[in-house]
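Let's take a walk through this model together, starting from a single residue and moving outward to its surroundings.

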Amino acid sequence: MNVTRLWRRIRAAWRMLRQPRRLDAAMQEEMRFHIDMEADRLVRDHGIDPREAHRQASVRFGGLERYKEEVRDARGRRWLDAMAIDTKLGVRMLVRHRGLTLTGGFAMAVAIAVGATSFEVITEMLNPGLPFAEGGRVVSIQLASDVPGRTERRLLHDFAALREQITTLQQLAAFRTVQLNLSSRNGPPEPVRVAEMTASGFAVPRIAPLHGRYLGRADEIEGAPRVVVIGYDAWQSRFGGDPRIVSRAIDLDGAPYTVIGVMPDGFKFPIDHQFWIPLTTDPARHERLQGPELFVFGRLAPDATVERAQAELTAVAQRDAATLPAGQDRLRFVVLPYTYEHLDLTNANLIWALRIVRLLIGALSFVVSINLAVLIYARTITRAGEIAVRSALGASRRRILAQLFIEALALALAGAFLGLLLARAALSRIASLSPANGGVPFWIDFELSAGTVIYSVALAVIAAAIMGVLPGIKAMGTNLNKSLRELHSRTDTRLGSVWTTLVVGQVAVAVAILPMAVYLTWQVVRMEAAGPGFDADAFVVATAVLDDGANVDPTRVRAHQLELVSRLQAEPGVAAVTFSSSVPGFSGDRRIEFERGVPVRRAGALDVNTLDVAVDLFDTYGATILAGRGFSADDLGAARPAIVNRSFVRAFLESRNALGLRFRYTRPGGDTTGQNAWHQIVGVVDDFPGFPPAPGSEGTPAVYHPVAPGGVHPFALSVRFNGSVPDDFTRRFREIGRSVDPGMQLRRIMPLSELYRQLRSFWHHIAWGIGLVTISVLLLSAAGIYAMMSFTVAQRTREIGIRAALGAHPRGLLASIFGRALGQLGLGVLAGSMLSGLLFATVGLGLAQSAALLATVAAVMLIVGLFAAIGPARRSLRMHAVEALR
Amino acid sequence: MNDAQGLLPGTLDLLILKAVSLGKLHGYGVLLRIQQISGGALQIQQGALYPALFRLEQQGLIESEWGTSDNNRRAKFYRLTAAGRARMGDEVASWNRLADAVAMALRTTRREI
């Protein structure tokens with residue numbers, strides 16, 4: 001059928017569906033007109049009585065109803081009726097074969113959910129356009145260095161120079177994000193993310209302000225009055241939608257800023273911002289590659305392309321190279337889509353990798369559908385008789401295949417519907433988690449898009465074609481007469497080597513994949529179940545930052561820190577207050593090397609988490625000292641003592657005595673940062689928090705160094721309570737912070753348990769995902785093996801029945817049945833075990849660790865297979881000879 | 001098609017196309033026109049016209065619109081489309097070739113073999 005005809009049929013069917021009554025009425029009117037005209041003619045020409053004329057006209061017309069039906073058929077209703085019947089049949093089949101429906105539907109739902117979620121996320125990430133007029137023409141400019149992945153962001157000087165020279169880009173702009181304390185009349189100050197942006201930045205999206213104006217070039221000049229533009233959300237949530245907000249002053253970091261405009265709802269440019277102040281830094285004050293770190297962007301000029309902009313920037317860089325100091329000339333400008341820069345998609349290989357991942361995850365549904373096709377094949381083959389009868393009654397091959405396809409489609413679409421619901425829930429979870437991890441850029445929308453729904457439905461249709469049509473073609477390949485003969489007997493279709501291969505393959509895949517999936521799920525569950533090892537609910541943590549700058553006076557930090565600690569300690573219910581460079585459990589990685597002669601377990605780089613802590617931190621957290629000693633005030637001198645955790649000793653020193661050993665920090669290249677910077681281990685502390693940082697990890701090696709008040713900035717504060725944390729403590733914490741210093745920012749004040757929960761939520765959701773996929777693989781594999789084994793035995797029912805009737809010993813018969821089944825299962829288990837071993841080896845697990853899991857999964861599959869064989873075997877043994885011979 | 005008395009299969013569509021090519025007609029008018037141009041030699045089962053008309057309309061060979069008949073009643077009028085005219089040309093040529101071939105076959109005498 002060519003496309004035009006198909007399209008015409010679909011259109012006719014659609015019209016028929018949409019307005020069947022109207023079309024029927026028009027047809028009736030037309031035919032009645034015909035009969036009336038013929039009756040009039042008969043009256044006129046032959047002088048017949050009008051009633052008789054009408055009767056004769058009706059007879060001459062022929063069967064009115066019959067022609068109406070023919071017209072309806074010509075309009076495509078027959079096609080529609082057939083489809084309606086097939087759909088009804090398909091749904092009936094789903095209800096009849098509940099086991100297959102539930103297993104297949106669940107597996108399909110999980111496959112579609114995984115496919116749709118990843119499709120949505122990756123498509124959103126790879127979309128280079130911003131959601132406003134000509135958003136795809138907004139580009140970022142990076143200054144890339146020779147070191148891959150490292151870019152130079154101190155671009156103030158280059159930005160000022162490019163602004164004057166570049167013609168392929170309009171409205172070249174720059175911004176950086178700063179955190180400022182926003183104070184309101186009603187409460188303590190709260191840190192907010194503010195975009196410090198050039199006025200030209202507002203011209204890039206070309207979106208007009210809702211009230212007032214946005215930043216102008218005059219606002220950028222040093223000494224200009226302080227102004228701020230606010231976003232719609234901030235206007236509503238922080239200022240109650242005050243209609244007179246424009247020209248009012250708000251307090252940012254203790255300084256008054258006049259609100260000059262409100263941006264419309266949804267405007268969060270450049271990333272996820274609600275406050276904008278002018279970028280006023282003067283390039284003349286800084287040398288090239290000095291000054292603040294900036295993001296530079298612009299809109300391509302009307303006739304420009306990314307390639308032309310790149311060529312122009314490269315030419316500028318080459319022209320300037322001669323005048324630059326040695327080293328700086330190696331930097332080169334790179335033009336890339338705006339969205340890619342902010343999602344770190346700066347590498348073409350990474351973009352391709354993401355595209356391939358999207359494709360592969362989509363292929364998951366094909367793996368599921370091939371698996372289901374095998375299951376459905378077993379069902380279809382048992383219906384060979386029914387198919388033969390339908391063929392004999394005149395149903396075309398196409399018609400029967402269409403029916404099988406629609407049956408499979410009903411299953412696939414039901415799975416897709418459920419899968420899309422799951423994907424929607426997963427996406428909304430991802431969206432709700434993202435703010436805890438730094439916010440979602442405004443152009444990323446985690447709603448299910450129309451594209452994703454179409455993609456999922458397309459996956460379901462292709463899956464249905466695999467599930468329905470392939471088994472159908474195979475089943476219809478069997479001889480019609482033979483199938484008709486088998487209608488009243490048990491099926492005798494021999495599937496031979498193809499079937500054996502399928503059984504072996506199914507078992508092998510299950511045994512290969514399942515242990516790994518179960519292992520991963522177990523690791524994630526173990527990580528989820530593990531607690532921090534202390535009462536995290538009794539702690540509140542926060543990070544304090546003074547002036548958001550790098551050059552903070554240590555004596556001021558010390559004074560503020562001491563005052564903050566003493567004020568907090570005076571609060572009711574507070575048991576202890578301590579500080580550290582970051583919250584325990586989540587600190588930066590550094591690389592170490594041991595003194596020569598220390599036998600180290602692991603070759604290569606030794607990465608550790610490093611934390612500068614107050615001498616009383618271990619006491620406050622109740623951490624157990626396992627060897628040596630804890631810190632004391634005497635350690636704050638020059639001796640460079642260090643305490644390591646249990647994971648450190650286990651990972652690097654095979655749990656030997658660590659006390660007295662010395663190590664020093666190195667840079668990634670292997671250079672030491674200083675010859676004298678050796679640290680001596682004086683104690684070993686138990687891991688805290690006690691949960692592993694990632695599935696499969698046994699804990700992160702950590703090193704603690706003592707630090708005096710004022711020694712680190714920014715600093716994390718840990719407040720431990722005697723009982724539960726008072727409800728309004730966050731507010732109280734902020735008030736205390738403001739009274740110590742209004743400019744001091746207190747970021748992420750929250751119960752420690754909440755922080756841990758947020759940071760571990762990623763793994764929590766991964767656990768759910770892996771768990772669902774594992775269950776669906778397990779179910780599918782078990783159902784597949786069950787269907788295949790029971791079918792394999794059922795095929796031999798006649799043979800077994802006859803042999804039993806002829807006096808063969810049941811034990812011998814059973815041995816023959818199970819011998820063959822066991823042979824197939826055994827072969828599958830063997831092949832699967834080898835594959836599984838390889839899989840485990842890739843994650844660094846030896847046979848000893850994986851053997852138990854492998855054995856369990858293999859045993860489960862064997863038991864499922866044997867159970868499947870028992871039922872048909874018993875039936876055939878009980879069969880009467882006459883029945884078997886029929 | 002079997003319902004059309006004395007008509008060869010496929011000829012009803014061609015006759016309808018020819019009838020509407022001579023002017024806009026309603027269904028009953030098509031019947032009368034076919035009878036008129038065939039000199040009353042071709043008898044058509046009247047109801048069979050309508051499935052054929054709908055089929056031709058669906059194929060885009062004719063198009064229809066509602067109008068008023070001579071006796072002032074609402075009726076559906078059919079008109080030939082450009083695609084219909086092209087199809088009719090092909091069908092006429094093909095019919096003539098067939099008719100010539102059959103006529104030639106029938107004229108053949110023993111001597112000519």
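**From one alanine to the cores**

Our starting point in this predicted model is B:A83, which sits in helix α4 of chain B, spanning residues 82-107. Is B:A83 buried, exposed or partly exposed? With a relative accessible area of 42%, B:A83 is partly exposed, because that value falls between the 20% limit for buried and the 50% limit for exposed. Beyond its neighbours within four places in sequence, B:A83 is in contact with B:G60 and B:L61. Its C-alpha atom is 6.8 Å from that of B:G60, although 23 residues separate the two along the chain.

Now follow α4(B) to where it meets α1(B). The axes of these helices come within 10 Å and cross at roughly 125°. An angle between 115 and 145 degrees counts as oblique, so α1(B) and α4(B) are oblique to each other. The crossing is left-handed. From α1(B), the residues involved are B:T11, B:L14, B:L17, B:K18 and B:S21, and they meet a set in α4(B) that includes B:M88, B:V92 and B:W95. By class, this contact has five nonpolar, three polar and four charged residues.

Next, look at the interior. The largest nonpolar core has 40 residues, and B:I16, B:V30 and B:I62 have the most contacts inside it. Elements of both chains each supply at least two residues of this core, among them α2 (20-46) of chain A and β3 (74-80) of chain B. A second, separate core has 35 residues, including A:L126, A:F202, A:L343 and A:I351. In soluble globular proteins, nonpolar side chains tend to be buried together.

Methods
Residues are numbered from 1 along each chain as its sequence is written. Chains are lettered from A and ligands numbered from 1 in the order in which they are written. This is a predicted model: local features need pLDDT of at least 70, side-chain atom pairs count only at pLDDT 80 or more; totals for chains, interfaces and linings use all residues. Side-chain values use heavy atoms; hydrogens and water are left out. Helices (H or I, at least four residues) and strands (E, at least two) are DSSP runs, numbered from the N terminus. Buried means under 20% relative accessible area, exposed over 50%, partly exposed in between (1.4 Å probe, protein chains only). Contact means heavy atoms within 4.5 Å. A nonpolar core is a set of buried Ala, Val, Leu, Ile, Met, Phe, Trp, Tyr and Cys residues joined through side-chain atoms within 4.5 Å. Axes are lines fitted to C-alpha atoms, for helices over the stretch in contact, and angles run from 0 to 180 degrees between N-to-C directions. Angles under 35 degrees count as roughly parallel, over 145 as roughly antiparallel, 65 to 115 as roughly perpendicular and the rest as oblique. A crossing is left-handed if the near helix is turned anticlockwise from the far one by less than a right angle, and right-handed if clockwise. Ala, Val, Leu, Ile, Met, Phe, Trp, Tyr, Cys and Pro count as nonpolar, Asp, Glu, Lys and Arg as charged, and the others, Gly among them, as polar.
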